[in-house]
Amino acid sequence: MDGARIGPRPGMAVLLLLQAAALAASPAPAPDLEVLVVNQAKQPVGGVRLQIKAGQAVIASAETDAQGRAVFPGVKPARYQLTAAKDGLEPIQQNDLDLSPESSTSIELTMIPALARRESIEVKGALVPVDQGSSPPNSLPAETARELPGRPATVADALPLIPGVVRSPAGGLVISAAGEHRSALIVNSADVTDPATGQFGLTVPIDSVETLNVYQTPFLAEYGRFSAGLVSVETRRGGEKWKWELNDPFPEFRIRSYRLRGLRDATPRLNAEGPLIPGKLYFSEGFEYAIRKIPVYTLPFPNNQKKQEGLNSFAQFDWVASDRQLVTATVHVAPQRLGFVNMNYFNPPATSPDAGTHNYTATVADRLSLAGGLLENTFSVTRFDARVWGQGSQDLVVTPSGNSGNYFAQQDRDASRLGWSPSFALAPIEAAGTHNVKAGFYFARSSGQGQVGEHPIDILDSSNQLLERIAFTGGQPFRMADQEYAIFSQDHWNLSPRLSLDLGIRTESQEVSESFRVAPRAGIAWSPFANQGTVVRAGFGWFYDRVPLNVYSFDSYPRQLVTMFGPAGEIAAGPFLYLNGLGQVSARFPFVFQEPAAGNFSPRSASGSVQVEQPVAHFLKLRVGYMQSQADGLIVLNTVAPDPATGVGAHSLSGAGQSRYRQFEATARVRLDGNRQLSFSYVRSRARGDLNDFGNYLGSFPVPILHANQFGNLPTDLPNRFLAWGVVQLPLGFRIAPVFEYRSGFPYIATDALQNYVGVPNLNRFPHFLSLDSRLSKDFKVNPKYSVRLSVSGYNLTNHFNPEAFHGNVADPAYGLFFGQRGRRFTADFDVLF
C-alpha cells in the first residue's frame, strides 16, 4: 500500500507535458504566412493538414480551421515545399514556394475531390472515410501510436488511447461503456467483426494503418449496425519508392534473480511497401509473428504465464486502372493459439481454458469517377473459426477463496459473412447552397455452425461443503444463417461557408430477427463568428445493433440441471431443469416494424451530442462536448423460476434490456512539427444498465455463474478519466513519448458462498488508477540506406499502487483485500529502418 504515496502527483505530470508542448511550439519572431484552402465552389475547407518542408525536413505544420485558414508564424524567408492533404480530397504539393522578403505572405489553394488517380502520383487517400461536419471523430495517428511506450501491435491495442475507449478488467474493448458486440469495426469500409459473436477478433496490424478514428455518434446514415460506437480504419497504400521496416527483430528473455528463465516474448514485425509496376500497381504488407508469455502478478512464477502465439498479416494491392478508376484488394490472415485464457488468482492454470482462433478476411473495392460523382463497390468475405477447451474433464469447483478443477465449457464453431456495399456520391448540386448527396445499399449473408459442450460446476462454501451442483444435459450441433439488407441516403448540405447540415435516413432489415428498422439522423455544424474559428456541432439519431448468430443458437446449448444440498450433504431442493429459449419483445417502437415472435430482437439506441471546438493558437485546439445515449431492446439473459409442480424453469434471452450513458469530454490537441502532437483529454461519464448482457454468457469464454439480472452501474462505468499522451522532439535527435492516465477504479461486486449478489452490485470501486509511462528513443544512421532505432521504455514510473484483484466474497477470510501490483519496470528494444 505504501506504493500509493510514491512519486509525483498527477498535476506534476500534466505540468511537465504542458511545459514540453509550450517549449516545442513557441513561435519565432518572423513574418507570418497565411494559407487559405477552398474547394471548387470557392467555399472554405476545414481540417486540411498543411506542411512546409525544406528538402525532407518538416519546417512547420498546421491544420485549417472552419474558415479554411491556417497561419504559419515565424517562417524565415527561403524556398520551400508546401503540401496539403485531407481524406477524400486530392493532395496538393507546391514545390516552388518562394518566401523571399518580396513575396506575398498569403496563399490560396483549391482542392478537388479524390476522384482521379493519375499514373504519376503516389496512390494514397483514395478512400472516402467517415467524415462529417456535425460529428467529428476522436483520432489517433498511427505513426504516433507506434512510438508510445505500450508499442501497440494491432488496432485493438491502440484503441484505449482514445477518449471514450477503455479495456475492461476481463480484457475486452469497451466503447461508451458497452462491449464490442454493440460497436462496429470497419476496415476500408468493410465490416470485419465476427458474425457469431459481434467481437472484433485479432485486428489489423498497426503498421498497416493510415488513419484510426472512433465515432461515438456518427450521424451520417451511411454507417449502421451498431448502437454504441464505430471504429473506422483506413490502411496504408504503397508509394512510389520501396520502404522496409523491421521492428523488434530479437526475442526478449526472462531474467529472475540474475538467472535466465526462458523466453519472455518474441514479436518481430515487418512492414514493406512500394510499386510492383510503377504508376499502375502498388503493394503494402504488415506482418507480425508473436510469441508472448504474459505474467499474472497475482500468481507465483512459473505457473503464472498466459501464452499467446500466432501471426497477423495484412496485405494490400492498389491498381490504378485509369485516371478515373482505382481498384484495391486486401487480404488479412490472423491465426492464433491462446493458452490459459483469463487466468488470475481466483482461476489458476488448471481452471483456465486454451483456445485456437482463425480470422480470415478478403476485400475488393472498386472506385470509379462517373458523371462527376464517385461510384464505389466493396466486396468482402470474412471467416472466423474458434475452438475452446479446458485443461481436463474435472468438474469446475467454485469456492469463496478461489476455483479449482477444470474450465467447464468447450466449443468448436465457425462463422462466415459475404458482404457487398455499393454506393454513389453525386457531383455537388447547387441549390440553396451546395448539396453533397450520397446513397447506397448493403447486403450481407452470414452463416455459422458449431457445438457447445459443458461439464458440471460445484459450488462449495469456505469449509468445502457442497452447496449447489450445476450439471448439464442435452446440447446439440447448431447451424444458423442470416441475411441483412440496408439502404441509406444522406445529404451534407452546405447552406453557407459557416453553416452546414447533415440529413439522412437509413433502413435495415435482418432476416433472422424478422424486423424492419428505420433510422433517421440529423446534424448541424455552425461557425458563429467569422474569424474566430469557433465551430458548434450538434446532432441526434437512432442506431440499431445487428444481432449476432450465437443468440439464435442458444436453444442448442446444453441445459442446466441444478441441485441444492443441505449441511449433511442431503438434497435440499431440486433437481431443477432450466430450458434455453428466446423471449418475445412486447414493447412497440415506432421505427421498428415486426410481428410478435420469439427472437424478434431489435437492440437500439437514441443518441445525441453537442460540441464546441475552438482553436486557441495555430498549434492548439480545444474541444468540449456532451453526449447522451439511451439504449433499449438490448438482449439480456434472465432466469425464470422453476414451476413447483414440474421442477422446470427457463433461461430466456429477452429483448427488454436497457442502458443509459452520459459523457462530458474536454480535449486539447497540441500539434508540433510533422506528425508530432500532444493530446490531453478528460472524460466525465455515467453508465447504468441491465447487468446480464448476453455477451457474458454466449461468447467464446462464458462465465460459469448466472446471477439474477439487476439494473445498476455497469461493470465498465468510469466516472472520471484523464488521459495524456504524445511525442516530443528533444535535442540531439532524442524523442520522448509519455503516456499519463488517471481514472476512477472499476466497480466490483460482492458475493456470498452461493455466489449470489450481496448488497447492490457495482456500487463500490477499486482504488483510483494512476500510471505514468514513457519511452525515450533515438535513431542512429548506419549507412545512407539503413538506420537503427534504440529505445528504453518505463512503466508505472511513479510506482503507484494499482491493484489488479480483489477478494470480493464475504465468506472469504480475506474479504475486502485489494492485491496484485505491477511496480515500476523498464524494457529496452530496437528497430531496423530500411
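Is Ala 70 buried or exposed? In this predicted model, Ala 70 is buried, because its relative accessible area is 5%, under the 20% that marks the buried class. The residue belongs to strand β4, which covers residues 69–72. Between the C-alpha atoms of Ala 70 and Asp 207 there is a separation of 30 Å, the two residues being 137 positions apart along the chain.

Gly 373 was examined in the same way. This glycine is part of strand β23, spanning residues 373–389. Its relative accessibility is 2%, so Gly 373 also counts as buried. Lys 438 lies 65 residues from Gly 373 along the chain, and the C-alpha atoms of the two are separated by 9.4 Å.

Strand pairing was then considered for β34, β38 and β39. Strand β34 (residues 535–544) runs antiparallel to strand β38 (residues 604–617), and 10 bridges join the two. Within this pairing, Ser 607 of β38 has Gly 541 opposite. Strand β38 also pairs with strand β39 (residues 620–640), again in the antiparallel sense, over 13 bridges. Here Ser 609 is placed opposite Met 627 of β39. The connection from β38 to β39 is a hairpin of 2 residues. Strand β38 is thus paired with β34 and with β39.

On the surface, Trp 242, Trp 244, Leu 270, Leu 276, Ile 277, Phe 287 and Phe 317 make up a nonpolar patch of about 620 Å². The most is given by strand β18 (residues 269–277), which supplies 3 residues to the patch. Phe 317, another member of the patch, is located in strand β20 (residues 305–322). With a relative accessibility of 34%, Phe 317 counts as partly exposed, because this value falls between the limits of 20% for buried and 50% for exposed.

Aromatic contacts were searched over the whole structure, giving 26 pairs. One of these is formed by Phe 408 and Phe 472, whose rings are stacked, with 6.2 Å from centre to centre and 25° between the planes. The pair links distant parts of the chain, 64 residues apart: Phe 408 is in the loop between β25 (402–405) and β26 (409–425), whereas Phe 472 is in strand β30 (residues 466–473). Both Phe 408 and Phe 472 are buried. A tilted pair is formed by Tyr 552 and Phe 601, with a centre-to-centre distance of 6.3 Å and an angle of 35° between the planes. Tyr 552 lies in the loop between β34 and β35 (559–565), and Phe 601 in the loop between β37 (592–594) and β38, so this pair ties together parts that are 49 residues apart in sequence. Tyr 552 is buried, as is Phe 601.

Further ring contacts involve residues with higher numbers. Tyr 748, Phe 766, Phe 806, Tyr 815 and Phe 818 are linked by ring pairs into a cluster. Charged side chains also lie over aromatic rings. The charged end of Arg 743 sits over the ring of Phe 769, at 4.3 Å from the centre of that ring. Lys 778 is placed over the face of Phe 780, with a distance of 5.4 Å to the ring centre.

Key
Residues are numbered from 1 along each chain as its sequence is written. This is a predicted model: local features need pLDDT of at least 70, side-chain atom pairs count only at pLDDT 80 or more; totals for chains, interfaces and linings use all residues. Side-chain values use heavy atoms; hydrogens and water are left out. Two strands pair if DSSP finds at least two bridges between them. Helices (H or I, at least four residues) and strands (E, at least two) are DSSP runs, numbered from the N terminus. Buried means under 20% relative accessible area, exposed over 50%, partly exposed in between (1.4 Å probe, protein chains only). Patches are made of residues with over 30% relative accessible area and no salt bridge: like charges are joined within 9 Å, nonpolar side chains (Val, Leu, Ile, Met, Phe, Trp, Tyr) within 5 Å. Accessible areas come from the Shrake-Rupley method with a 1.4 Å probe; for residues, only the protein chains shown count as cover. A salt bridge is a side-chain nitrogen of Lys or Arg within 4 Å of a carboxyl oxygen of Asp or Glu. Rings of Phe, Tyr and Trp (its six-membered ring) pair if their centres lie within 6.5 Å; planes under 30 degrees apart count as stacked, over 60 as edge-to-face and the rest as tilted. A charge sits over a ring if NZ of Lys or CZ of Arg is within 6 Å of the ring centre and within 35 degrees of the ring normal.
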